[in-house]
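Here are some short exercises, each with a worked solution. Have a look at the structure first, then try each task before reading on.

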Amino acid sequence: MQKDMAGEATTEEDMENKTAGEKAVQEAGQSAENAAQIAALEEESEKLKDSFGSLYTEIGRNFYEKPDGYELEIAAAVQKLNEMNGRIHENYLSTLRLKGIRYCPNCENIVDNETVFCGDCGTRIDPPEEADEQSVLCGCCGAKNDKDKHFCIKCGQKLVAQKAVFQRCPSCGMSLPADARFCEECGTKLV
């Protein structure tokens, strides 16, 4: 039996439930933030798609009316469409990363977490990175970043403070999952 901050006796089960509750709150906050980012990306993509119509109209008008410099006007509208399509595609890939879905960096085929080589094009797919004591993973692209950085070195997204995904055994120093109850190496009970 231990005493909590208020001096009341607590059991190990109470402590575990409290830790599990804190973890659930942390995960809920992270998923709420991811959901907000996903919604913002999808909204931006929809707005971009809605503006396609005016560009198609501009291209058609220039093609049929053939005013002076119409070729340049068509080329500019097509370039705008291509840029917008590129942004929509970037939003799609960011949405996949925020949802934790892996994909091939070459052909963008969606793959599972155990995949090492893409089944469509054969490209080697690096395993997801894992954070350690000095680093955090970007919630958007999954890149490993120094803990003291505020923005991702790969995608530029703001880094959110993340709870450690591992712990060290106080007896032998073995690195263990954050939710481990006993050390795999020496058997020490972890609090």
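A salt bridge here is a side-chain nitrogen of Lys or Arg within 4 Å of a carboxyl oxygen of Asp or Glu. The model is predicted, so local features need pLDDT of at least 70, side-chain atom pairs count only at pLDDT 80 or more, and totals for chains, interfaces and linings use all residues. Residues are numbered from 1 along each chain as its sequence is written, and side-chain values use heavy atoms, with hydrogens and water left out.

**Exercise 1. Find the residues that are linked with R87 in a network of salt bridges.**

Solution.
Step 1. Search the whole structure: five salt bridges turn up.
Step 2. Take E44, whose closest approach to R87 is 3.1 Å between N and O atoms. E44 is in helix α1 (residues 12-50) and R87 in helix α3 (residues 70-98), so this salt bridge ties together parts 43 residues apart in sequence. Helices (H or I, at least four residues) and strands (E, at least two) are DSSP runs, numbered from the N terminus.
Step 3. Look at E90, which pairs with R87 at 3.2 Å, N to O. Both R87 and E90 belong to helix α3, three residues apart, about one turn of the helix.
Step 4. Put the pairs together: E44, R87 and E90 form the network.
Step 5. Check exposure, where buried means under 20% relative accessible area, exposed over 50%, and partly exposed in between (1.4 Å probe, protein chains only). E44 is partly exposed at 29%, R87 is partly exposed at 33%, and E90 is partly exposed at 44%.

**Exercise 2. Describe the salt bridge between E65 and R61.**

Solution.
Step 1. The N to O distance is 3.9 Å.
Step 2. E65 and R61 sit in helix α2 (residues 52-65), four residues apart, about one turn of the helix.
Step 3. E65 is exposed at 55% relative accessibility, while R61 is partly exposed at 40%.

**Exercise 3. Which residues are closest to the centre of the second largest pocket?**

Solution.
Step 1. Set up a 1 Å grid over the protein atoms alone; a pocket is an open set of points where a 1.4 Å probe fits, with protein on both sides within 12 Å along at least five of seven lines, and lining residues have an atom within 4 Å of a point.
Step 2. Get the volume, the space filled by probe spheres set on points joined across faces, edges and corners: about 210 Å³ for the second largest pocket.
Step 3. Of its 14 lining residues, L41, R87, N91, S94 and Q157 are closest to the centre.
Step 4. Helix α3 gives the most to this lining, with seven residues.

**Exercise 4. Is N145 buried or exposed, and which backbone nitrogen does its side chain reach?**

Solution.
Step 1. N145 is found in strand β6 (residues 144-146).
Step 2. Its relative accessible area is 1%, so N145 is buried.
Step 3. The N145 side chain reaches the backbone nitrogen of I153 at 2.8 Å.

**Exercise 5. What is the phi of K66, and what is the phi of E108?**

Solution.
Step 1. Recall that most residues other than glycine have a negative phi.
Step 2. For K66, in the loop between α2 and α3, phi is near 50°, a positive value. K66 is partly exposed at 43%.
Step 3. For E108, in the loop between β3 (102-103) and β4 (110-111), phi is near 65°, also positive. E108 is partly exposed at 28%.

Terms used
Polar contact = N/O pair within 3.5 Å; in protein donor to acceptor, adjacent residues only side chain to side chain.
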